[in-house]
Every structure is written in structure tokens, then in C-alpha cells.
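Hi everyone, thanks for coming. Please bring up the sequence and the structure, and we'll walk through them together.

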Amino acid sequence: MQTLTKSTTQSVKDAFPLNGTDHVEFYVGNAKQSAFYYQMAFGFELTAYRGPETGHRETCSYVLQQDKIRLVLTSALSPEHDIARHVREHGDGVKVLALWVGDAEYSYNTAIERGAEAVSSVETLTDDHGEVKIASIQTYGETIHTFVERKNYNGAFMPGFEARKGLCPSKPVGLKYVDHCVGNVELGGMNKWVKFYQEVMGFNLLITFDDKDISTEYTALMSKVVSNGNGYVKFPINEPAKGLKKSQIEEYLDFYRCAGVQHIAVTTDNIIETVSQLRNNGVDFLYVPDNYYDTVTERVGEIDEDIEDLKALNILIDRDDDGYLLQIFTKPVQDRPTVFYEIIQRKGAKSFGKGNFKALFEAIEREQALRGTL
Ligand code: FE2
């Protein structure tokens, strides 16, 4: 049963203040080509670079931006580097969910005092443009959270990086900010990581979905959504549940080889325009059969958009007490069936599209069947 546990808006003092998502860093096999994909397919703009040409000999990083969304793509330049090992083990995937904080020292020390596992203590990075403080803690799998304090920094991304533009002008598709980042964890791991976010980082449990909410004829999963005090950072955590066949979460864990980030949801103010452009750029989305649209109006009531436009683009619709939302999911963006993106437009709704879970998971099962992993 779905349980709405707590509102995201709180009047009490925030136990762990976060300003929002600072950036998401991927470790990839070839950052140069991945950066080109995000520029050409998703309309991101290349803004900064760090590599041998900037005096950094071991890795290459490209920083891409679209409105408030910042992605960093990093590759190793030698097989001995730990990033090369990470890519061999997991394929391309999310390494860092970086959180923008007002005081990195406070965030890091508080997290450690409350039981977080340290990755790297506070480091102050400086250049002519100012200073940035960073510190990191471990979360599920090999994923880490980096706290980023960037008071008064006016350079490109961070000290060590230099400003860089893409060779072709980027064409933004209207993506605005990160709405939520979902983690897939091992069976039995969901409650452990929900407890971690509650006890270490002061998050609130927002919603619980059990296997009856999220199941098809064949597969099932369970999910809990945690949110920070101001509601700007939301992390749904999924774990597999018993079904007749292999769930998408088990498939993910088999291919990623441990817990990790499953999808990043990014917002737009005009999903029809955004998805039209993404499709024109060659972005591949999950397919939902046309009969989904036969009954959708009965389920969601009146909406501003023309259902035929949504049907043509395969955009899903759901409603909750606060309004409605429009969403669509890409296919995985690398060879392994691991990380993908959700494009979401919220028109009041604060939830996650529960009414679409069945259609969505059946769509994923069709892809799993093609891969021979159902
Ligand atoms: Fe999502």
C-alpha cells in the first residue's frame, strides 16, 4: 500500500541544510565522446574542462550544463587508475551525487558524527576566481556524496578546471533542474539506506511503495522516497521484491555489479517541446502501447495538454491530490541496462507517477525480454 508519510515543507529547523544538487559525476570509458552525446542529444552546453592540457595528468573531466543541471563526465587516462577499475566493474555510471551546502565542514563533520563512512575530509581548492570546499562520504554501492561549498567562487565549475566551450553551439531542450535521483539497492538494503538518509542526513521518509503498488504479472519491486528538509533533494530507494521473473532491479544489480544510481529525473516546463526535440536528436525512449491512452482521461481527468500530442510522443500522465504530472523515461544511456533518465513536468503534483508504474514496468519487461534478462 502506498503511504504518504510526511510533507516536504517543515517549519522546524532543518537538521541537515542542503541548497540542492550541485552536480552529478559519471565515471565513463570515454569522457570526450560521452560529452559529445550529452551536447548533441540532450542539448547540454560544455562549460568547463580539466585534463592534461590544464596540468591534470591522470584524468579528463568535462562539465556540461543546462539551466541548473550540471553533469561532470570523467575518464581515467591509465588502466591503473581507480576510475578505470570502476568502469571495468560497473560500466559507465554515476559515481558522485554532489550536494550544494553552505558549510562543507559542518556537513561533513555532522555526517561523520552521525555514523557516515568517510571518503575524503574537507579540502579547500583555490585559484584566482576564489575558493571551493569539498568533502565526501559513502552512500550505497560505490556511490558517494560530495558536499560542495562554493561561496563567492566565480570561475568555471571549480579550481583546477578551465572554462571551455563546445565546438558546435548547443541547443538547449528546456531541461531545468534535477527533480530526484533514484538508487537501486540489494534485497534487504532499502530500509538500511532509508535509515542512513534519515539518521545521518536528516532526511524525511516521504512515501512508501510496497510490492503491491509496483508489480506486474511477472516482476515486483519496493521503494521508499526520502527527501531533505527543504524538499530540494529527493532520493527514492528501490529494492527487488519476489516475482515470477527477474525484476528490473535485479537486472540492474547484475549488470552494475552492486547498488547504484538507476535514474536521474530532470524537469522541464514544457515536456511536449522538450521530448519532441530530444526525439529529433535521437534520444531513445521506452515505448508504452497506444491502449494506455484509451483510459488515461478517466484516470487523470482534465489536463491542459492535448492527449493526442502526448500519445504521439509516448508521454505518461498521472494525478495526485495536488495536481498532475507528465513523465517519460529514456532507455539506458550506455550499453549495460543500468542508468537512464526521466523527463518530468510537474503541474502541481508532488508524487512520482504511481499510476504509471504498471505500464512503465511492463515497458521495461519488454526491453528485458529483448535482452534475454527477464
Ligand atoms: Fe523517477
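Let's start with a question: leaving aside its neighbours within four places in sequence, which residues is serine 351 in contact with? Have a look while I say that this is a predicted model. The answer is Asp320, Leu325 and Arg346. Serine 351 sits in the loop between strand 18 and helix 9, which covers 357-371. With a relative accessible area of 12%, serine 351 is buried. Its side chain also makes a polar contact with the side chain of aspartate 320, at 2.6 Å.

Keep Arg346 in mind, as it has another partner. Arginine 346 forms a salt bridge with aspartate 179, and the closest N and O atoms are 2.7 Å apart. This pair links distant parts of the chain: arginine 346 is in strand 18 and aspartate 179 is in strand 11, residues 175-184, with their positions 167 residues apart in sequence. The two partners have different surroundings: arginine 346 counts as partly exposed at 23% relative accessibility, while aspartate 179 is buried at 3%.

Next door in sequence, lysine 347 has a salt bridge too. Its side chain meets that of glutamate 305, 2.8 Å from N to O. Here again distant parts of the chain are linked: glutamate 305 is in the loop between helix 7 (296-300) and helix 8, lysine 347 is in strand 18, and the two are 42 residues apart. Glutamate 305 is buried, with a relative accessible area of 15%, and lysine 347 is partly exposed at 25%. There is also a network, in which salt bridges with shared partners join Asp82, Arg85, Lys95 and Glu142. In case salt bridges are new to you, side chains of opposite charge can pair when their charged atoms come close. The structure holds 20 salt bridges.

Now to the metal. Which protein residues are donors of the iron ion? They are His180 and His263, each through NE2, and Glu342 through OE, lying 2.0 to 2.2 Å from the ion. Written as a sequence pattern, the spacing of the donor residues is H-x82-H-x78-E. Histidine 263 lies in strand 15 (residues 260-268) and glutamate 342 in strand 18 (residues 340-347), so this pair ties together parts that are 79 residues apart in sequence. Are these two buried or exposed? Both histidine 263 and glutamate 342 are buried.

Let's zoom out. The protein is divided into domain 1, residues 20-163, and domain 2, residues 175-371. Their C-alpha centres lie 25 Å apart. The contact takes 39 residues from domain 1 and 38 residues from domain 2. How much area do the two domains bury between them? It is about 3000 Å², with 66% of it on carbon and sulfur atoms.

There are polar links between the domains as well. The count is one salt bridge, and 13 residue pairs are in polar contact. Aspartate 67 and lysine 176 form a salt bridge, with the closest N and O atoms 3.6 Å apart. On the side of domain 1 that touches domain 2, the elements giving two or more residues include strand 2 (20-27), helix 1 (31-40) and helix 2 (82-90). Helix 2 gives the largest share of that side, five residues.

Before we finish, two backbone details. Most residues other than glycine have a negative phi. Which value does phi take in arginine 257? It is near 75°, a positive value in a residue other than glycine. Arginine 257 is placed in the loop between helix 5 (248-256) and strand 15, and it is exposed at 55% relative accessible area. Asparagine 314 also has a positive phi, about 70°, although it is not a glycine. It is found in the loop between helix 8 (307-313) and strand 16 (316-320). Asparagine 314, though, is buried, with a relative accessible area of 5%.

One last stop is arginine 114, in the loop between helix 3 (104-113) and strand 7 (118-127). Arginine 114 and aspartate 127 are 13 residues apart in sequence and 33 Å apart in space, C-alpha to C-alpha. Arginine 114 is partly exposed, at 32% relative accessibility. A polar atom of its side chain lies 3.1 Å from the backbone oxygen of valine 200. Thanks for listening!

Technical notes
Residues numbered from 1 in each chain as written. Predicted model: local features only at pLDDT ≥ 70, side-chain atom pairs only at ≥ 80, totals over all residues. Heavy atoms only, no water. Donors = N, O, S within 2.8 Å, 3.2 Å for Na, K, Ca; no water. Helix = DSSP H or I, 4+ residues; strand = E, 2+ residues; numbered from the N terminus. Buried < 20%, exposed > 50% of the residue type's maximum accessible area, 1.4 Å probe, protein only. Domains from an automatic or database assignment. Contact = heavy atoms within 4.5 Å. Buried area = accessible area lost by both parts, 1.4 Å probe. Salt bridge = Lys/Arg side-chain N within 4 Å of Asp/Glu carboxyl O. Polar contact = N/O pair within 3.5 Å; in protein donor to acceptor, adjacent residues only side chain to side chain.
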